[in-house]
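Please look over the sequence and the structure below before reading on, and keep both in view while working through the report.

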Amino acid sequence: MTSPARALALVAACALALAACRQLMPLPQNRYLQPRTTQRVSMSTADARQYFDHGQHAKPFGVTGVECIDCHRFDFVIDSGDPKIAEPLSAHAMVDGSAACHFCHVDDATRMQAAPAPCTTCHTNLAPLVPENHQVAWLDVHAAEARGNPVQCESCHRQSFCIACHEQRDTIQLIAHERNFLFLHGIEARADPMQCSACHREDFCINCHLREAVDP
Amino acid sequence: MWRWRTIVLAWGALTALHARAFAADLQATVKVPAQVRDGYYTDEAEAPIYIYTDLGLNRLRHGLNFETYFRLYENFGPNEGDAQFYSGVLRLPYGIPYTNASLGRQFLSEGPRGANLADSGRLTFDTSALPVSLTAFGGAPRYFEPTFSSPSISQDEQMFGARMNLTNVTRGYANLGYLQYIRDGETLSELVQLNAGRSYPDAPLRPNVYGYVSYDADNANLYMAQLGTQLALVPQKLLGSFDAGYYDPQGTGTRYRLDPNLAQDPLFQQLSISDELRFRGSLRYLLSKSVSAFANLGYMRYEVSEGVQDNGYLGGAGLHWLPGGDGLESVRLEYYTADSRGGILNGARFYYDNWVYDRIHFRTKVDVAYYEKITNQEATAVATLLGLGYDLLPGLYCEAYMEGNRNERFDADIRFGLWIVYDWSHRFGQKSAPGAASAASTGEPAAPAGAATGEDA
């Protein structure tokens, strides 16, 4: 066994052992080293409701004739002038799920043009909203979908999300290619030449190949 | 000097905005990757530092959004050339009735070697009274990497186009477009494009189908075509993705163009004189709640020189395990391979991420590749990384890491790095967005809001 292979085996074995023995990991009673108590990504979209603002919606509701009962159940009456009491009760009385908000903001048939459609208008936790088509080979697929229907992407992603992969190119981060790719790219480029020019111009090749005088 | 002036001006503007009472979303993300390593060309130590900053001001009056993005670069060592970006986009989504407008500019500074300036604009007319929306755009294509003042290819490039989008397609999209690409005053292509896609969530296998055809009217050839589908082969268990592609940017059959400025895709032309056919397939199988297996295979065929066809293969397979199923740990092991005229490659990668401790992120990565090239080079490349990160404050994440690599260039390539991310957002005039600030720092889904600019290259 060669030494790099031995090193790989050793590191992989150690990390796997660490992963497998999570229950045995030390979790001391120390304020700087506490176990994380929640899931890393919450699977709830309940965070969206807190962004609703009655004042902001008063004008469009008035124009379109939306009334209280369109969003709230009125099987009980809130009889309080104190907003500290009325607001949580009012929120509790809203119809379940997303129907009330999505009626104007999302649903194709009933959407108001002036109502912002991006998911991020209200949602801060996008994890539960990840569509199924993102779960297999999405890196291969996303170019075609983004070209055909950019509005769909923009409903959840800002342009900086694209920039984070497409434009943050430097010699430190490993975003699109791993560190070894420098030595392997000639093989992969010849396997699928159209893949390279999706991101790179010819200048990018020439600059290195001329300096290093490497074989083509 | 003027880069600091830019920062000061930006912060000054933000402070002034803060002083005024109005509703707006302010969002800022700063990312600083830094590294100490041996130089690839010189063997001298170098310490490159990049500063990426993304400043956005959204939901101003009339729905106006303004986003800026820039990258500053400094290398404390031998001066390796690199580029600095400054870009900004101003968007007015439906501030004018039925009209979504955006205007963008990117400045790519490459020190004494030159600069690349790209301006573009996009205008969409969309009214619910019509079954279509119309978009027109134009400007210079953006490049995301140094052009080094284009020693071979002219920077005098423009793209103009229009698109008609059907707005009443349920669970899908369809649009017809036109794109003209001009370089150095010469029209390289005039593409007529058709995009369509639709998902069928109630049909067997729940297919999502997409397709794209682009015909170059200037050269009378089929420029690009793609047809793909994603399927739930076994619901909740086995997902598949399959696509076929065709690409022919030469425009003149198999004739090699000596002047790269006349080639639509000079990089592709370096490797192929013909069109390329591509078939790809990927599968993902959920073995259990916490373990999934994946595999992918791609087959490509093109002509290297007249009468010499080449077959390329890219593939891989692996396992992804989430111990505990709660996402606090992630283990990924994968095998990958490539086989082409350039050589044969076989490799394996291992990734481990751990968020078990509050505010702490530990990660490790090992990549080993063995390759035999057509140039008779035969070697094993090893790359490893060990990183430890900490959420110093809400929204402020810092990671220190070490890389240990061994390859044909370095017997031992040791790198030390630092990775700092500060993500901050504030909602003026309304309730602020709790939790949004720290999302991006640990790689969790961020909480963005907004849209994109004009067409990219």
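What percentage of the contacts in chain B with a separation of 6 or more is accounted for by residues 24 or more positions apart? In this predicted model, residues 24 or more positions apart account for 47% of those contacts in chain B.

## Chain B in outline

Chain B is built with two helices and 23 strands, and of its 457 residues 37% count as buried. The following sections look at a run of its strands, beginning with the way in which they pair and then turning to the loops and the turn that link them.

## Strands E11, E12 and E13 of chain B

Strand E12 (208–216) of chain B has a partner in E11(B), to which it is joined by nine bridges, and the two strands run antiparallel. One of the residue pairs to look for is Leu191(B) with Asp216(B), since Asp216(B) in E12(B) is the bridge partner of Leu191(B). E12(B) also pairs with strand E13 (residues 221–234) of chain B, again in the antiparallel sense and over nine bridges, and here Gly228(B) in E13(B) is the bridge partner of Tyr210(B).

The side chains along E12(B) alternate between two faces. Asn208(B), Tyr210(B), Tyr212(B), Ser214(B) and Asp216(B) point to one face and are buried, whereas Val209(B), Gly211(B), Val213(B) and Tyr215(B) point to the other face and are not buried. Tyr210(B), the bridge partner of Gly228(B), and Asp216(B), the bridge partner of Leu191(B), therefore both belong to the buried face of the strand.

## Loops and a turn with positive phi

Which residue in the turn of the hairpin formed by E12(B) and E13(B) has a positive phi? The residue is Ala220(B), with a phi of about 50°, and the hairpin has four residues between its two strands.

Two residues in loops of chain B also have a positive phi although neither is a glycine: for Asp184(B) the value is about 55°, and for Arg206(B) it is about 45°. Asp184(B) lies in the loop between strand E10 (172–183) and strand E11 (186–199) of chain B, while Arg206(B) lies in the loop that leads from E11 to E12 of chain B. Are these residues buried, exposed or partly exposed? Asp184(B) is partly exposed because 13 other C-beta atoms lie within 10 Å, and Arg206(B) is likewise partly exposed because it has 17 other C-beta atoms within 10 Å.

## Chain A and its domains

Chain A is divided into domain 1 (47–128), domain 2 (130–168) and domain 3 (169–216). The C-alpha centres of domain 2 and domain 3 of chain A lie 23 Å apart, and four residues of domain 2 are in contact with six residues of domain 3. On the side of domain 2 that touches domain 3, the residues divide into two nonpolar, one polar and one charged.

The confidence of the prediction should be kept in mind for this chain, which averages a pLDDT of 76, with 75% of the residues scoring at least 70. Among the elements of chain A, the mean pLDDT is lowest for H1(A), at 62, and highest for H9(A), at 93.

## Where the two chains meet

The contact between the chains takes 81 residues from chain A and 113 residues from chain B. Several helices of chain A each supply at least two residues of the side that touches chain B, among them helix H1 (3–20), helix H6 (138–148) and helix H11 (202–212). The largest share of that side, eight residues, comes from H9(A), and the residues of the side of chain A that touches chain B divide into 35 nonpolar, 23 polar and 23 charged.

Terms used
Residues are numbered from 1 along each chain as its sequence is written. Chains are lettered from A and ligands numbered from 1 in the order in which they are written. This is a predicted model: local features need pLDDT of at least 70, side-chain atom pairs count only at pLDDT 80 or more; totals for chains, interfaces and linings use all residues. Two residues are in contact if their C-beta atoms, placed from the backbone, lie within 7 Å. Ala, Val, Leu, Ile, Met, Phe, Trp, Tyr, Cys and Pro count as nonpolar, Asp, Glu, Lys and Arg as charged, and the others, Gly among them, as polar. pLDDT is the predictor's confidence in each residue, from 0 to 100. A residue is buried if 20 or more other C-beta atoms lie within 10 Å of its own, exposed if 12 or fewer, and partly exposed in between; C-beta atoms are placed from the backbone. Domain bounds come from an automatic or database domain assignment. Two strands pair if DSSP finds at least two bridges between them.
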